[in-house]
Amino acid sequence: MEFVYKTLKSIIWAYAKLREKLSPGWILKNSSRIREWELMVYAYSKSPIGVIGGLIVLIVFILAVIGPLIAWEPYWEYKILYDENLRYHPPCLPPSCSGYPLFGTDEWGRDIVAMSLYGFRISFVISIVVVFLGAPLGIILGLISGYKGGVVDEIIMRVTDIFLAFPGLVLAIAFASVLPQRIRGVLETNSALRAFFSGLFGLRQEEYGQLAALLSIWFAMVIVWWPGYARIVRGSVLSVREMPFIEAAKLSGLSTWSILFKHILPNVLSPVLVMMTFDIATATLFAASLSFLGLGPQEPVPELGFVISKAGGYFPERSTHVVLYLGIILLIIALGWNLLGDALRDILDPKTRRAIEYRLEKEKKK
Amino acid sequence: MEGVNVGLASFIARRIITFIPTLIGVLLITYLIAYAIPADPVRAWVGEKLMNPETLEQIKAKYKFNAPWYEQFIFLIQQLLTGQLEDPVRHKNVFTELTSRFAVTFELAIVGFLFLVLIGLPLGIIAAVKKDSPVDFAVRVMALVGSSLPAFVLYYFLILAFFNYIQTTYLAGIPMPSSACTTTLSSLPQTIPVLGNIVSAIGSIPMFGAMMCGEWSIVLDTFKRLYLPGLALGLLNGGFIARIVRNSLLDALSTEYISYAKARGLRKLSVWRHALKNAMVPVVTVLGLNFGGLLSGAIIAETVFNIPGLGRYMYDAIMRLNFPVIIACTFLIAVIYIVVNLVVDILYAVIDPRIRY
């Protein structure tokens, strides 16, 4: 715990020194902000749930980055087609195949641990990008809607209502079944785009058809993701808008945009940050659910939800190990973000920080 | 008292009026998405092999596929509102199928909701009473794991345990009341005017129909068929509900009126009763929205447990580009959304007398 605190504190100071170099006097001007960050980091290092969550997220991140590079078996090689002996055996189950492969194979003879390394990358990229595209969209719309009020507010909120009025999964299914053919056409003609996205997801360029399916899940999820943020941000803006410091900012002649982003946004951001952390977990499971329903990429792409849904066809005789292992991986990814979000909710609450500050002062006096 | 009712009525009227543009927007967007699909829906309905140019033209003319998109849309909406919408794949009125699918989803929602309340409320109350105890910690873990667990994996393992090993459920079909019972129930509106309609509508949900006719073995069978998905839904969200019950109960217990009640020397039980009633507002919101979510069809649960419900119907319709069914399902789900939100708002006023509309 002490180690976590020291590491994070040194990161804060490294950042502060960088800013100091760019604009001298930054540390002095922002000393209270740095103090606040230090308190946050202290509170975090005291929360075992948060530290465990952060550790899981870090490991998932590392696996997502290096996974496709260290995977010892390419996901597109069906061993069963090359090896006659494998064909008439059930997929290798964990107790019977001691040593290698560790957790058995799927029904095509592929090592599921190697497959899951590709799966990490796909799940991670989808969930992160969905939240980091969907949330800002919702935040901007919520800011405008709450601050402007009147007709603008009414229009934005009616559109938000429309998107909230039908379940996200259904809307996403509708989008995910419409888009692939269009995206496929774009990927077919544009090779740079193809190379970029296949690199991002850790897939081969030949699989651009599956890539199109992945991208359409992506797009579908962004579209269903923003309304929640728009609602929440609008609500907080409504209460912040009436505060004296906003009045002061208006009187000093600041433009609407700088009031919105410099004065209102920082005051409504902490619940949104907590929500984003939880939502990365939800997005991971949501994407897996879409591919579980068969809307995402098909063979041979090892998207976790899709592999589980295929294993489900042989469940339980030949594929308990696949469902169990990949299910636990999905559980761990989502659990990491949920634990982190649970801790962040306490840390970002100013009351918690004041309580810690008070306690530390008291200890010093002793 | 009179004023309260007028206020409530005008509140409901206002809500319904503001919902009309939303409803049109939902239908329009759904239609435009479906319209944007670069495939020929008629081919998907009829199937490639059975294609006969004449029938093709007939179907196209019937659904106005040669007209511009807004005429098609208005045509579909007209059919929807007059109840004439026809399912081009099954060749019967959409609403016949939709009613039977919704009845199944409704049963599942009730069973799931039952488990949700049975798991969530007691656990939440215990966690609040024994704050920071192992039970409290367990509830926290349950909420976190429940929201991190991929639902379909839980479903598979519940099936493995309850179907393959202890064999206390089955995974095909939905039990229906006997045909004598359904005929009696559906003929009720002719003999008793208003009440008969209501009774027959409730009776069209198989489980309730069987209850009304006293066919308890059918009710038991229904429960046997649906308790497993219900339990799964309860396990997944129960921890979350328990956390909300716990937090709002603890909030309520730290208020001044509770201190006052304690100071007056009230018995522990009645102090708790005071707190519980005031802690219920956020709980009712979440439970209501959860029930609404269940009514819109749990697609994944319906897929894994092989239940012919609303979610599955809509999924199949999307996959086959079945516009009329997609529009009808979207309409139903949007209406469920508004009704659930409205009921939750009205329940606020029932629970908390300070809230008036």
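**Close-up views of a predicted two-chain model**

**View 1. Helix α7 of chain B (residues 151-165) and its span.** With 15 residues, α7(B) should span 21 Å at 1.5 Å a residue (1.5 Å times one less than the number of residues), and its end C-alpha atoms, 20 Å apart, agree with this. Helices here are DSSP runs of H or I of at least four residues, numbered from the N terminus. The model is predicted, so that local features need pLDDT of at least 70 and side-chain atom pairs count only at pLDDT 80 or more, whereas totals for chains, interfaces and linings use all residues. Residues are numbered from 1 along each chain as its sequence is written, and chains are lettered from A and ligands numbered from 1 in the order in which they are written.

**View 2. The kink in α7(B) and the residue that follows the helix.** A kink of about 25 degrees is centred on B:Ile159, the bend being the angle between axes fitted to the seven residues ending at a residue and the seven starting there. Just after the helix, B:Gln167 takes a positive phi of about 45 degrees.

**View 3. The buried residues of α7(B).** Among the buried residues (20 or more other C-beta atoms within 10 Å of their own, C-beta atoms being placed from the backbone) are B:Phe152, B:Tyr156 and B:Ile159. The buried residues of α7(B) pack against α13, α14 and α15 of chain A, together with α11 (216-253) and α14 (299-304) of chain B.

**View 4. The side of chain A that touches chain B.** Here 33 residues of chain A are in contact with 34 residues of chain B, contact requiring C-beta atoms within 7 Å. α15(A) gives the most to this side of chain A, with 9 residues.

Key
Two residues are in contact if their C-beta atoms, placed from the backbone, lie within 7 Å. Helices (H or I, at least four residues) and strands (E, at least two) are DSSP runs, numbered from the N terminus. A residue is buried if 20 or more other C-beta atoms lie within 10 Å of its own, exposed if 12 or fewer, and partly exposed in between; C-beta atoms are placed from the backbone.
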